[in-house]
Amino acid sequence: ATQIVDTLFEESCQREGQSVSTSIRLLDMARYWRTEAGVDCWVIGHVFIQQTEDGLVTVERELQHGGTFVLKTSPSNGKVRFDSRFVQLTASLGDESHMFLRSGDRRLHYSGQTKVFTVRNAGHSAGFDEEGELRIF
């Protein structure tokens with residue numbers, strides 16, 4: 001995966017045109033400030049970024065037709081959350097390690113504690129239990 005990322009980055013850097021000029025324009029217009037509570041804030045185009053003193057980062061992007069994407073990550077507690085109109089995702093490390101993904105009535109859940117993996121769709125469920133056995137509910 002690293003080689004793919006490196007290749008894509010190098011190819012995009014070699015391209016001149018709209019992407020580079022747009023990036024330069026957005027960075028030139030970027031705003032930064034620090035609140036009285038010590039929260040660092042940036043606005044870059046339609047993206048709002050905050051970082052608190054404990055490391056919690058929140059990234060919000062407004063969409064053209066309403067709604068927002070929100071991504072929150074915290075290095076202090078090992079949690080991440082992504083919310084949009086179409087998808088919700090949470091994941092965490094440590095004692096409560098898990099991954100949960102929801103889109104409409106479709107859900108996917110993995111518990112790092114029990115090792116149970118479950119997929120749900122329209123009232124039906126299937127997955128793997130603690131012993132790795134396939135279960136259909």
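Which residue forms a salt bridge with aspartate 40, and how far apart are the closest N and O atoms? The partner is arginine 34, and the closest N and O atoms lie 2.8 Å apart. The model is a predicted one. The two ends of this pair sit in opposite accessibility classes: aspartate 40 is buried, because its relative accessible area of 13% is under 20%, whereas arginine 34 is exposed, because its 51% is over 50%.

**Salt bridges**

Side chains of opposite charge can pair when their charged atoms come close. The count for this model is four salt bridges. Among them are the three in the table.

| Pair | N to O distance |
|---|---|
| Aspartate 40 and arginine 34 | 2.8 Å |
| Glutamate 96 and lysine 79 | 3.5 Å |
| Arginine 135 and aspartate 129 | 3.8 Å |

The side chains of glutamate 96 and lysine 79 meet in a salt bridge at 3.5 Å. Glutamate 96 belongs to the loop between β7 (88-92) and β8 (98-103), while lysine 79 is in strand β6 (residues 79-83), so this pair ties together parts that are 17 residues apart in sequence. Glutamate 96 counts as exposed at 52% relative accessibility, and lysine 79 as partly exposed at 38%.

For arginine 135 and aspartate 129, the N to O distance is 3.8 Å. Arginine 135 is partly exposed, with a relative accessibility of 40%; aspartate 129 is buried, with a relative accessible area of 11%.

**Sheet**

Strands of a sheet pair through backbone hydrogen bonds, either parallel or antiparallel. Here an open sheet of 12 strands follows the order β1-β2-β3-β4-β5-β6-β7-β8-β9-β10-β11-β12, and the pairing is antiparallel. The edges are held by β1 (31-34) and β12, each with a single partner strand, so one side of each has no neighbour in the sheet. On average, neighbouring strands of this sheet are turned by 10° against each other, with direction ignored.

Within the sheet, β6 and β7 run antiparallel and are joined by five bridges. In one pairing, arginine 81 has threonine 90 in β7 as its bridge partner.

**Nonpolar patch**

Which residues make the nonpolar surface patch? Phe128, Leu134 and Ile136 make it, over about 340 Å². Leucine 134 is found in strand β12 (residues 134-136), one of the two edge strands of the sheet. Leucine 134 is exposed, with a relative accessible area of 54%, and therefore clears the patch requirement of over 30% relative accessible area.

Definitions and conventions: Residues are numbered from 1 along each chain as its sequence is written. This is a predicted model: local features need pLDDT of at least 70, side-chain atom pairs count only at pLDDT 80 or more; totals for chains, interfaces and linings use all residues. Side-chain values use heavy atoms; hydrogens and water are left out. Buried means under 20% relative accessible area, exposed over 50%, partly exposed in between (1.4 Å probe, protein chains only). Helices (H or I, at least four residues) and strands (E, at least two) are DSSP runs, numbered from the N terminus. Patches are made of residues with over 30% relative accessible area and no salt bridge: like charges are joined within 9 Å, nonpolar side chains (Val, Leu, Ile, Met, Phe, Trp, Tyr) within 5 Å. Accessible areas come from the Shrake-Rupley method with a 1.4 Å probe; for residues, only the protein chains shown count as cover. Two strands pair if DSSP finds at least two bridges between them. Axes are lines fitted to C-alpha atoms, for helices over the stretch in contact, and angles run from 0 to 180 degrees between N-to-C directions.
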